[in-house]
Amino acid sequence: MKIHDFQFRIYYKDTDASGIAYHANYLAYAERARSEWFNDAGMPITDLLARGDAFVVCRADVEYKRPAPLNAMVTIKTAVKEIKAASCISEQTFWIGDQHIATVHVEAVSVDTNTLRPKRIPADIRALYENYLVEGEK
């Protein structure tokens, strides 16, 4: 099992009045990390779209543990928790150094870009997900 790491800095524009990352931004950070995961796995989102495949988020849960202050370097570790016929659940843990600051669980559904209807995850994409599947998960 592999875990994908994505690192970024908290900029001033990302913070609220108290100087910490605004809570809603965590979903945007998680999306950026998933997009980079696809790029690094050899299947850029542009290639997916060109062939008529896309993933849309149908559920996202965020658990905040500690704030992310201005200028902090954050690492998001992405792993796959579950692969279903037409969807996948990922777990993205946010870290500042060795401090776990948040966890995002996202379920994304495979859709046909022409109809926007759910469809089975294509075999080649399923294989990419399986490389990041947490051991013991299904």
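## Helix 3 on the sheet

Helix 3 covers residues 123-131. In this predicted model, helix 3 lies across strand 2, strand 3 and strand 4. Its direction makes an angle of about 120 degrees with strand 3.

## Helix 1 on the sheet

Helix 1 is formed by residues 25-40. Helix 1 lies across strand 1, strand 2, strand 3, strand 4 and strand 5. Helix 1 runs at about 130 degrees to strand 1.

## The order of the strands

Next comes the sheet itself. It is open and has 5 strands. Their order is 1-3-4-5-2, and the pairing is antiparallel. Strand 1 (4-9) and strand 2 (53-64) stand at the edges. Each has a single partner strand, so one side of each is left without a neighbour in the sheet. From one strand to the next, the twist averages 25 degrees.

In a regular strand, side chains alternate between the two faces of the sheet.

## Strand 1 meets strand 3

Strand 3 spans residues 73-83. Strand 1 and strand 3 run antiparallel and are joined by 6 bridges. Two partner pairs show how they line up. Asp5 has Lys77 in strand 3 as its bridge partner. Arg9 has Met73 in strand 3 as its bridge partner.

## Two hairpins

Strand 3 and strand 4 form a hairpin, with 3 residues between them. They pair in the antiparallel sense over 8 bridges. Here Glu82 has Ile89 of strand 4 as its bridge partner. Ala79 stands opposite Glu91 in strand 4.

Strand 4 and strand 5 form a hairpin too, with 2 residues between them. Gly97 sits in the turn and has a positive phi of about 60 degrees. Strand 4 covers residues 87-96, and strand 5 covers 99-112. These two strands run antiparallel, joined by 10 bridges. The bridge partner of Thr93 in strand 5 is Thr103.

## Strand 4 is enclosed

Residues under 20% relative accessible area count as buried. In strand 4, 7 of the 10 residues are buried, so the strand is largely enclosed by the rest of the structure.

## Tyr26 in helix 1

Tyr26 lies in helix 1. Is Tyr26 buried or exposed? Its relative accessibility is 3%. The cut-off for buried is under 20%, so Tyr26 counts as buried.

Which residues does Tyr26 touch? Leaving out residues up to four places away in sequence, Tyr26 touches Ala21, Val62, Tyr64, Arg66, Pro67, Ala68, Phe94, Ile101 and Ala102. Take Ala102, which is 76 residues from Tyr26 along the chain. The C-alpha atoms of Tyr26 and Ala102 are separated by 8.6 Å.

## The largest pocket

Rolling a probe the size of a water molecule over the atoms shows where empty space is left. In this structure, the largest pocket holds about 300 Å³ of space.

How many residues line the largest pocket? There are 22 of them. Arg34, Phe38, Phe55, Ala108 and Tyr129 lie nearest its centre. Several elements give two or more residues to the lining: helix 1, helix 2 (45-50), strand 2, strand 3, strand 4 and strand 5. By class, the lining has 16 nonpolar, 3 polar and 3 charged residues.

Technical notes: Residues are numbered from 1 along each chain as its sequence is written. This is a predicted model: local features need pLDDT of at least 70, side-chain atom pairs count only at pLDDT 80 or more; totals for chains, interfaces and linings use all residues. Side-chain values use heavy atoms; hydrogens and water are left out. Two strands pair if DSSP finds at least two bridges between them. Helices (H or I, at least four residues) and strands (E, at least two) are DSSP runs, numbered from the N terminus. Axes are lines fitted to C-alpha atoms, for helices over the stretch in contact, and angles run from 0 to 180 degrees between N-to-C directions. Contact means heavy atoms within 4.5 Å. Buried means under 20% relative accessible area, exposed over 50%, partly exposed in between (1.4 Å probe, protein chains only). On a 1 Å grid over the protein atoms alone, a cavity is a set of points where a 1.4 Å probe fits but cannot get out, and a pocket is an open set with protein on both sides within 12 Å along at least five of seven lines; lining residues have an atom within 4 Å of a point. Grid points are joined across faces, edges and corners, and a volume is the space filled by probe spheres set on the points. Ala, Val, Leu, Ile, Met, Phe, Trp, Tyr, Cys and Pro count as nonpolar, Asp, Glu, Lys and Arg as charged, and the others, Gly among them, as polar.
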